[in-house]
Amino acid sequence: MDTVGITARKLSVMAVVVASGAALMGCGDGDGAAVIGVAAPLSGEAAVWGGPVDSMTRAVVEHVNKLGGINGTKLKVVSEDEKFNAEDGVRAVTKLINSDNAQFIVGPTSATFMATLNQAERNEVVIASPYAGMVEFDARSNPYTFRTVGPDTFDGLTVAKNLWDRGFKTVSILYENVDSARSTSNWVDSFYTKLGGKVVAKVAFNGGQTSYLPEVRSAFEPEPDIVFLAGSVEPAVPILREWARLGLPGKWSLIAELSYPVLLKEVGAQYLEGAFGQSAMSADSPAIAGMRKLLTEAYGEQKGNEIAEQPTAGLTYDAIVSGVLAMAAGGQATGVAIAENLHKVTDPGGKPVYTIDEGLELLTRGEKIDYQGASGPVDYTPTNTATPDYGVFQVVDGKWKVAQRYAGTELYDLAEELD
């Protein structure tokens, strides 16, 4: 989508003028720049999630800086490797807050996110996650924490509804014995059963095993119509390789964390032809074009499109953009501005906007906006959880392709109905 109604130079001038008139500056580092932190898994198996967060954050910040920054204050990105565990994650967040004076931190996975909720509020630093779906968040949230992904209930319901809608009457669930996989698997079990399906086996496994053959055999022994696999990439690759090597008949549905091209490369796309995956994504929102354009400007067409096609790209983009627009609405590049203005730039009632440029232009005029994101409407609940649309992917001709979309409102209503 083309930038609407204003050039970068004009926006830059307006930002400087507003800054001079209001005399408001965000908290920053020694260079006067406000720090946007990335605390995401940047190494190891989970880097498939964290790498795009880092790339997306840098692209958005570069774009905003070209437009003059936030109220005249430029932004700066500082990245720390969360390493997909709470201990390293808390250390990364603490360093970003205490040493780097970060005002906004993006990217922690579930364990780190849940462990730093109080830290965010205490330090008045906003922390946002595009993939922490823990159901417990809603009971512990505060104004300084938000997530663009729905709770694990939505992941579980998307899987269950897709399988039921496609005529699969029986399913086995093969899941890693960790919180996120266990949570989603339990919701798949619950919703699929309520829809009328039958779970014929539920098999847990621990990561780090030399072989997963006993668990794979147990999952397929009841001859289910399909097997749902929930876990991280590290154990999923040998599980799927062993299944392929044995030549066991059957079909797979995979948790969102496995719905990435890297899995197809490691296992062999030919073995996973027809497999299903899912992730939150928009039903063709105009914001997707704006996201792709921004990424192309930063990284070139090939790499930009690769980042944009990651299943959590829209969620990541929307987390960063809604935070930045909230800063602009508050006139300061601070966590306080985000906490006080997040709902003001995303709730219904304002003029719908689909790009950063549109949002900044209208905010400069003092108008109310309603940011519509790449993952959907981005309407945050009172506990700061978004209810995005969800897409079902399927491996077709060796690539993940969108096979079905479910609106977030549809899933919300269905969850209420089945509860």
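When I speak of a polar contact today, I mean a pair of N or O atoms within 3.5 Å, where, within protein, one atom must be able to donate a hydrogen and the other to accept it. With that in hand, and bearing in mind that what we are looking at is a predicted model, let me begin with a contact that fits the description: the side chains of H63 and D357 are joined by a polar contact of 3.0 Å. H63 sits in helix α2, which runs over residues 47-66, and at a relative accessible area of 12% this histidine counts as buried, because the cut-off for that word is under 20%. If we set aside the neighbours within four places in sequence, the residues in contact with H63 are L294, E297, I356 and D357.

Let me step back to the chain as a whole. Its secondary structure comes to 17 helices and 14 strands, and its radius of gyration is 21 Å, close to the 22 Å that the globule rule gives for 419 residues, so the chain is as compact as a globular protein of that length. The C-alpha trace spans about 70 × 40 × 40 Å along its principal axes, and 57% of the 419 residues count as buried. Of the contacts between residues at least 6 apart in sequence, 68% join residues at least 24 apart. As for the surface, the chain exposes about 16,100 Å², with carbon and sulfur atoms supplying 49% of that area, while the mean positions of its 34 positive and 52 negative charges are 3 Å apart.

Now to some individual buried positions. S185, in helix α8 (residues 179-195), has a relative accessible area of 0% and is therefore buried. Which backbone oxygen lies 2.8 Å from a polar atom of the side chain of S185? That oxygen belongs to A181, and, leaving aside neighbours within four places in sequence, S185 is also in contact with I173, Y175, K202, F228 and A230.

L163, in helix α7 (residues 152-165), is likewise buried at 0%. Its contacts beyond four places in sequence are F168, V171, Y192, I226 and S253, and for the last of these the C-alpha atoms are separated by 8.3 Å, although L163 and S253 stand 90 residues apart along the chain.

Turning from helices to a strand, A39 belongs to β1 (residues 34-40) and counts as buried, with 0% relative accessibility. A39 and E82 are 43 residues apart in sequence, yet 5.4 Å apart in space, C-alpha to C-alpha, and E82 is one of the residues in contact with A39, the others beyond four places in sequence being E80, V93, L96, I105, V106, G107 and P108.

I will finish with two backbone details. Most residues other than glycine have a negative phi. N101, however, has a phi near 60 degrees, which is positive; this asparagine lies in the loop between α3 (86-98) and β3 (102-106), where it is partly exposed at 30% relative accessible area. E223 also has a positive phi, near 55 degrees, and its place is the loop between α9 (213-220) and β8 (226-230). Is E223 buried or exposed? At 67% relative accessibility, E223 counts as exposed.

Notes
Residues are numbered from 1 along each chain as its sequence is written. This is a predicted model: local features need pLDDT of at least 70, side-chain atom pairs count only at pLDDT 80 or more; totals for chains, interfaces and linings use all residues. Side-chain values use heavy atoms; hydrogens and water are left out. Helices (H or I, at least four residues) and strands (E, at least two) are DSSP runs, numbered from the N terminus. The radius of gyration is taken over C-alpha atoms; the globule rule is 2.2 Å times the number of residues to the power 0.38. Buried means under 20% relative accessible area, exposed over 50%, partly exposed in between (1.4 Å probe, protein chains only). Contact means heavy atoms within 4.5 Å. Accessible areas come from the Shrake-Rupley method with a 1.4 Å probe; for residues, only the protein chains shown count as cover. Lys and Arg count as positive and Asp and Glu as negative; His and the chain ends are not counted. The place of a charge is taken as NZ of Lys, CZ of Arg, CG of Asp or CD of Glu.
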